[in-house]
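Trainee: Please take me closely through one part of this protein, namely its interior, and set that part within the whole before you go into detail.

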Amino acid sequence: MVISTITDGIARQVEAVADGVSGVFEPVVRLGVTGLARSGKTVFITSLVANLLDRGRMPQLAAAAEGRIEAAFLQPQPDQLVPRFDYERHLAMMTGAAPQWPESTRAISELRVSLRVRPNGLLAGLQGARTVHLDIVDYPGEWLLDLGLMEKSFAQWSAEVLGRIAARDEAAEFLGLMRAMDGADDLDEPKAQDLAAAFAEYLQAARAGGYSDCTPGRFLLPGDLAGSPVLTFAPLAPVQNAAKSSLWRAFEKRFEAYKAQVVKPFFRDHFARIDRQVVLVDALGAIHAGPRALEDLRGGLADTLTAFRPGRTAWLTRLLGGRRVEKILFAATKADHLHHSQHPQLTSIMQALTREAADRAQFAGAETEALSLASLRATVEETVSHDGAALDCVRGRLLADGRQAAFYPGQLPEDPNVLLNAAKVGADGWLDQDYQIMRFAPAANTLRPGEGPPHIRIDRAAQFLLGDVL
Ligand SMILES: Nc1nc2c(ncn2[C@@H]2O[C@H](COP(=O)(O)OP(=O)(O)OP(=O)(O)O)[C@@H](O)[C@H]2O)c(=O)[nH]1
Ligand SMILES: [Mg+2]
């Protein structure tokens, strides 16, 4: 049974599934998992689900440690139009004798895990086990950036974008092409497509060059919308009283269609229904790439997290109608690149990176936490002596050539601001440290019965996100 409520003219399902036998409502928790490209979403979800199904490595998840989870199983997901998260395939790739990292996934997907849990405390003896459904929704962090477009007209958006990119080398080709065209002229579809393609190329180059204001987000990750009119527009110089048949009017119409048919459905059908959220961040990767990459990551995160802030756009506030995300976990991924003695420093960097957003989310009533985790642990720890000093290293199989190597990534500072400030002022390199990252291949491992894949703190993450409903 599904109960519907109407808010802002939109039917939103208040999800609670009635148990066929007892008529008891079974709670549904929708867990959003997001992060920018390559932040570790697919590996996180695969490992979380595998470790919920086989809980031998989940001591920090209280319900598992107390033995109250009687069963965990995958079920058909509630949303018929969203692709299913390809759990079995990803898990098969990541485990076994010659494991690999999963391929890149560039769209939304969903998976339902159901847990049969015995209550604890006072109710333990009185009530039988109940079922809690966990709907995990994987979506690209880049999609959140489009929120900023919703309250802009095509003219406003064009003026802002053109102002911002005027001095950027990456935009030179697009700007040249745009200036050679007149928005007042009649629409010439091949030319319009060339211009839109040049704009999309600019966005790709800008992102590669470290800019984080690369919207519309779907131009970067078009998925099955590639080539469609909603992705065939670009900012134009202003035109007075453009005729109906003009390029300006055509692009204006497509811009509005992008907002109404791409951005809005995502926020309405997916974002608005999320109860709890994990934001994954490859902070180590950015630190390794240098100050500019770290500053870009900070900017990109701040932009994506706008959607979780109370003062976000009026449009989203209306759409959510009082509903909010209850918990947000900010997680630095791939922590197995560091010896555990450095995990607290990584966590402080994560806290500092998300400070502003986290403060405001707390203000809005959401509980937030930052931690460092590894969804699939690819290394073991090792202390080696080097020039008479003991170095805390990690050892693993290198992705590049399959060799086993011990590796020291550099010492992260106790105070995260040492890095963040250097990043803010646009330093060329880190002052007194060089941070290395090696790409490790997943370690060969055959899962023992009752155990999921090896990880670091996935159980802590699960306890924060779900502990109160289990
Ligand atoms: N060592 C280590 N590497 C990891 C871990 N998780 C992710 N990685 C690395 O990060 C890469 C990206 O992980 P994914 O889970 O595919 O990231 P994603 O966010 O789903 O990426 P897209 O689908 O491309 O957006 C992997 O190919 C691994 O190289 C981890 O726990 N440990
Ligand atoms: Mg992915």
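Mentor: What follows goes from the overall fold to the interior, and then to some single residues.

The model is a predicted one, in which local features need pLDDT of at least 70 and side-chain atom pairs count only at pLDDT 80 or more, while totals for chains, interfaces and linings use all residues. Residues are numbered from 1 along each chain as its sequence is written, chains are lettered from A and ligands numbered from 1 in the order in which they are written, and side-chain values use heavy atoms, with hydrogens and water left out.

The protein has 15 helices and 13 strands, where helices (H or I, at least four residues) and strands (E, at least two) are DSSP runs numbered from the N terminus. Its radius of gyration is 24 Å, which agrees with the value near 23 Å that a compact globule of 470 residues would have; the radius is taken over C-alpha atoms, and the globule rule is 2.2 Å times the number of residues to the power 0.38. Along the principal axes, the C-alpha atoms fill a box of roughly 75 × 70 × 40 Å.

Of the 470 residues, 51% count as buried; buried means under 20% relative accessible area, exposed means over 50%, and partly exposed lies in between, with a 1.4 Å probe and protein chains only. Contacts, meaning heavy atoms within 4.5 Å, often bring together distant parts of the sequence: among those between residues at least 6 apart, 75% join residues at least 24 apart.

The interior itself is best approached through its nonpolar cores, each being a set of buried Ala, Val, Leu, Ile, Met, Phe, Trp, Tyr and Cys residues joined through side-chain atoms within 4.5 Å. The largest core has 87 residues, and F174, F267 and L294 touch the most other members. Helix α8 (residues 247-269) gives the largest share of this core, namely 10 residues. Around F174, leaving aside residues up to four places away in sequence, the residues touched are L162, I165, L195, A198, F199, Y202, A234 and P235. Another core lies apart from the largest one and has 40 residues, among them L61, V117, L329 and A331.

L61 also appears among the contacts of L52, which touches M58, L61, A72, L115 and L134 when residues up to four places away in sequence are not counted. L52 is located in helix α1, and with a relative accessible area of 0% it counts as buried. Between L52 and T333, 281 residues apart in sequence, the C-alpha distance is 19 Å.

Whole helices can also be examined for burial. In helix α12 (residues 343-353), 9 of the 11 residues are buried, so this helix is largely enclosed by the rest of the structure. The buried residues of α12 are H343, Q345, L346, T347, S348, I349, M350, A352 and L353.

A further buried position is P291, in helix α10 (residues 291-305), where a relative accessibility of 1% is the reason that P291 counts as buried. Beyond four places in sequence, P291 touches A422, A423, A427, D428, G429 and W430. The C-alpha atoms of P291 and E369, 78 residues apart along the chain, are 25 Å apart in space.

By way of contrast, consider some loop residues. G322, in the loop between α11 (314-320) and β9 (327-332), counts as exposed because its relative accessibility is 72%. R38 is in the loop between β4 (25-35) and α1 (41-53); this residue has a positive phi of about 65° although it is not a glycine, and at 48% relative accessibility R38 counts as partly exposed. R457, in the loop between α14 (417-424) and α15 (458-466), likewise has a positive phi, near 60°, without being a glycine, and its relative accessibility of 23% makes R457 partly exposed. Finally, T215 and P216 are joined by a cis peptide bond with omega of about 0°, and P216 lies in the loop between α6 (189-208) and α7 (217-220).
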